[in-house]
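Work through these exercises with the model open beside you. Try each task before reading its solution.

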Amino acid sequence: MRHTLLFTLRRALLLREISSLIMLLVVILVFFALSPLFLSRENVGVVLEIIPELGIVALGVTMLMIAGEFDLSVGSLFAFCPIMISLFVSEGIHPILSIVLALLLSLLLGGLNGFVTLYFGIPSFITTLGTMLIWRGAVLLISGGWPPPFSSALPTAFLVGRMGIFRASILWFAGITVLLWFVLERTDFGNWMFATGGNQVAARAMGIDTGKVKLANFMLCSLLAGFAGVIQSFRLETTLPSMGGGLEMEAIAATVIGGTALSGGVGTVIGTVIGSFLIRIIDNGLVMARAPSYWFRVFIGIATILAVILNTFVRERARKMRC
Amino acid sequence: MERKNLVEMVNIHKWFSGVCALRGVDFSVGYGEVVGLVGDNGAGKSTLIKILSGVYPPDEGKIYFEGKECHFSSPREARMLGIETIYQEAAMVPKMSVMRNIFMGRELARFRVGPLAYLDIPRMEEESMKALERVDLRLRSPHAPVDELSGGQRQGVAIARAMYFKSKLVILDEPTNNLSVKESERVLEFIRELKKQGISSIFISHNLYHVYPVADRIVVLSHGEKIGDFRKEETSVEEITKLMVLP
């Protein structure tokens with residue numbers, strides 16, 4: 001009996017997501033103790049409304065990071081994609097076609113990140129630092145610094161329509177999570193991603209086209225960033241040129257908190273979902289506890305470092321456990 | 001060319017930016033034969049093997065595999081013909097499970113949806129355990145990450161993989177490097193197992209004492225030239241050592 005219990009405990013501690021999950025539970029308990037309203041129906045609704053926007057971006061960043069690359073441009077694309085929708089609509093293009101075109105453009109810009117990185121063999125950190133500045137600049141140039149008029153003809157309901165305390169965006173987030181989990185854990189492509197990020201030389205030697213794997217993930221990451229931007233813009237019914245500023249850092253933090261390795265080859269989709277929840281709950285909980293909102297960044301910083309330390313420490317211990 | 005050898009490399013030359021790495025080397029491997037390829041660092045062992053495994057083409061010379069002339073333009077082509085090369089650090093992805101490593105790039109699928117194949121995990125579990133048993137490697141679970149295995153066990157997994165995918169020739173690049181005596185002994189066992197299954201192998205090492213016990217034939221390279229090619233019963237460790245240390 002004791003034997004199996006220990007074995008189960010060891011397996012649980014070896015889960016990549018374990019430290020983020022523990023931190024999430026602790027944070028929820030602390031905020032609930034500070035303010036009982038934290039777990040009220042209304043507040044849970046508020047949190048679930050804002051989580052998908054970060055979560056969807058972070059999922060793309062996670063997939064790309066597992067394949068061994070980095071994307072800093074997600075925050076800028078997050079604004080660029082909805083701005084393009086406004087631009088297309090104001091040019092008289094059909095609203096649905098405008099959405100499709102803007103998403104295709106995001107996909108293409110992700111392809112550009114990938115192409116520049118892979119063709120010239122430069123670090124994706126550099127490529128996407130560059131494109132981060134370029135797309136943000138483009139957003140400011142196009143908008144002139146002011147939010148463009150938001151067309152009432154845009155079909156917002158399918159992305160952010162209300163359903164009780166939820167919005168439709170949480171379903172999109174759930175759907176994308178399941179889909180990406182499936183691709184990563186249950187398909188040959190997922191295996192190629194782990195191999196590419198884990199040991200590119202070995203992956204190539206076994207005939208895996210690592211360039212193709214990375215390119216596909218660059219494109220996926222940008223598509224999801226653009227898509228999440230559309231969700232936020234539809235929820236707020238405006239497109240602020242500043243939206244998504246700093247989002248790349250939050251997305252990387254959510255990814256790393258969830259147990260994905262910066263060096264690639266290791267990571268999970270579920271961990272990133274937990275990481276995204278953790279970040280948005282800290283954000284919201286501090287407000288509920290009436291703490292000055294400036295504390296938000298401090299806590300996210302602490303959570304990120306703590307999660308990685310915990311992860312390393314817990315795994316080391318669990319490995320040495322005898323059972 | 002008559003089909004008496006699996007591999008026949010004839011008069012192979014290779015230059016790297018004006019430096020001659022290989023100078024008219026003839027090299028052959030018979031069916032089910034274990035060939036030890038020895039020589040000091042820089043003797044041309046890796047260059048010869050990289051030409052045979054499709055990493056780069058020879059500048060001169062011909063390669064015959066199963067009697068047919070071959071021009072490999074990539075390692076993938078060589079692998080498709082049944083030439084599997086096991087490089088030390090390039091063979092495995094440490095953080096991935098044994099099962100995922102064995103089937104990396106050649107996953108078993110239950111069905112395909114567009115560009116994706118749905119993995120048949122139960123079958124991959126079963127097949128990977130079977131493959132490991134064939135080299136007498138007993139692991140608790142096919143889901144153990146490779147970085148929890150010892151160096152010798154990793155070589156075992158790589159060899160099990162080569163066997164499973166019906167390779168005809170397995171090339172082992174310094175498989176006993178950095179291994180303890182006991183672990184090296186296990187690797188030699190794996191190579192004997194390959195021979196039992198009728199699979200030819202090339203065992204590259206700068207350590208003659210590792211090669212000698214398992215090799216049927218020993219080829220010595222020095223400064224890009226073949227300076228010795230002996231059947232084991234016609235030679236001795238002393239003779240080859242003398243040859244290797246000659247300037």
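**Exercise 1. Which residues of H14(A) are buried?**

Solution. Start with the cut-offs: buried means under 20% relative accessible area, exposed over 50%, partly exposed in between, with a 1.4 Å probe and protein chains only. In H14(A), the buried residues are Phe296(A), Ile300(A), Ala303(A), Thr304(A), Ala307(A), Asn311(A), Val314(A), Arg315(A) and Ala318(A). Now look at the spacing. An α-helix has 3.6 residues a turn, so residues three or four places apart point the same way.

Next, check the span. Helices are DSSP runs of H or I with at least four residues, numbered from the N terminus. The expected span is 1.5 Å times one less than the number of residues. H14(A) covers residues 295–320, 26 in total, and should therefore span 38 Å; its end C-alpha atoms are 37 Å apart, which agrees.

A note on the source: this is a predicted model, where local features need pLDDT of at least 70 and side-chain atom pairs pLDDT 80 or more, while totals for chains, interfaces and linings use all residues. Residues are numbered from 1 along each chain as its sequence is written, chains are lettered from A and ligands numbered from 1 in the order in which they are written, and side-chain values use heavy atoms, without hydrogens and water.

**Exercise 2. Describe H11(A), then place Ser222(A) in it.**

Solution. Take the length first. H11(A) runs over residues 210–236, which is 27 residues. From first to last C-alpha it reaches 39 Å, close to the 39 Å expected. Then burial: 19 of the 27 residues are buried, so H11(A) is largely enclosed by the rest of the structure. Just after the helix, Glu237(A) takes a positive phi of about 55°.

Now zoom in. Ser222(A) is in H11 of chain A and is buried, at 0% relative accessibility. Contact means heavy atoms within 4.5 Å. Leaving out residues up to four places away in sequence, Ser222(A) touches Asp71(A), Leu77(A), Ser106(A), Leu109(A), Gly110(A) and Asn113(A). Leu108(A) is 114 residues from Ser222(A) in sequence, yet their C-alpha atoms are 8.3 Å apart.

**Exercise 3. What surrounds Thr128(A)?**

Solution. Locate it: Thr128(A) lies in helix H6 of chain A, residues 124–143. Its relative accessible area is 0%, so Thr128(A) is buried. Beyond four places in sequence, its contacts are Phe70(A), Asp71(A), Leu72(A), Ser73(A), Asn113(A) and Phe218(A). One distance stands out for inspection: a polar atom of the Thr128(A) side chain lies 3.0 Å from the backbone nitrogen of Leu72(A).

**Exercise 4. How many disulfides does the structure hold?**

Solution. A disulfide is a pair of cysteine sulfur atoms within 2.5 Å. Over all chains the count is 0. Take Cys81(A): the nearest cysteine sulfur, that of Cys221(A), is 13 Å away. Cys81(A) is buried, at 0% relative accessible area.

**Exercise 5. Characterise the interface of chain A and chain B.**

Solution. Count first: 24 residues of chain A contact 27 residues of chain B. Then area. Buried area is the accessible area (1.4 Å probe) that two parts lose on being put together, summed over both. Here it is about 2200 Å², 56% of it on carbon and sulfur atoms. In chain A, Asp188(A), Asn191(A) and Met206(A) lose the most area to chain B, together 30% of what that side buries.

Finish with the elements. H8 (168–186), H9 (188–198) and H10 (200–205) of chain A each supply at least two residues of the side that touches chain B. H9(A) gives the most, with 7 residues.

Terms used. Polar contact = N/O pair within 3.5 Å; in protein donor to acceptor, adjacent residues only side chain to side chain.
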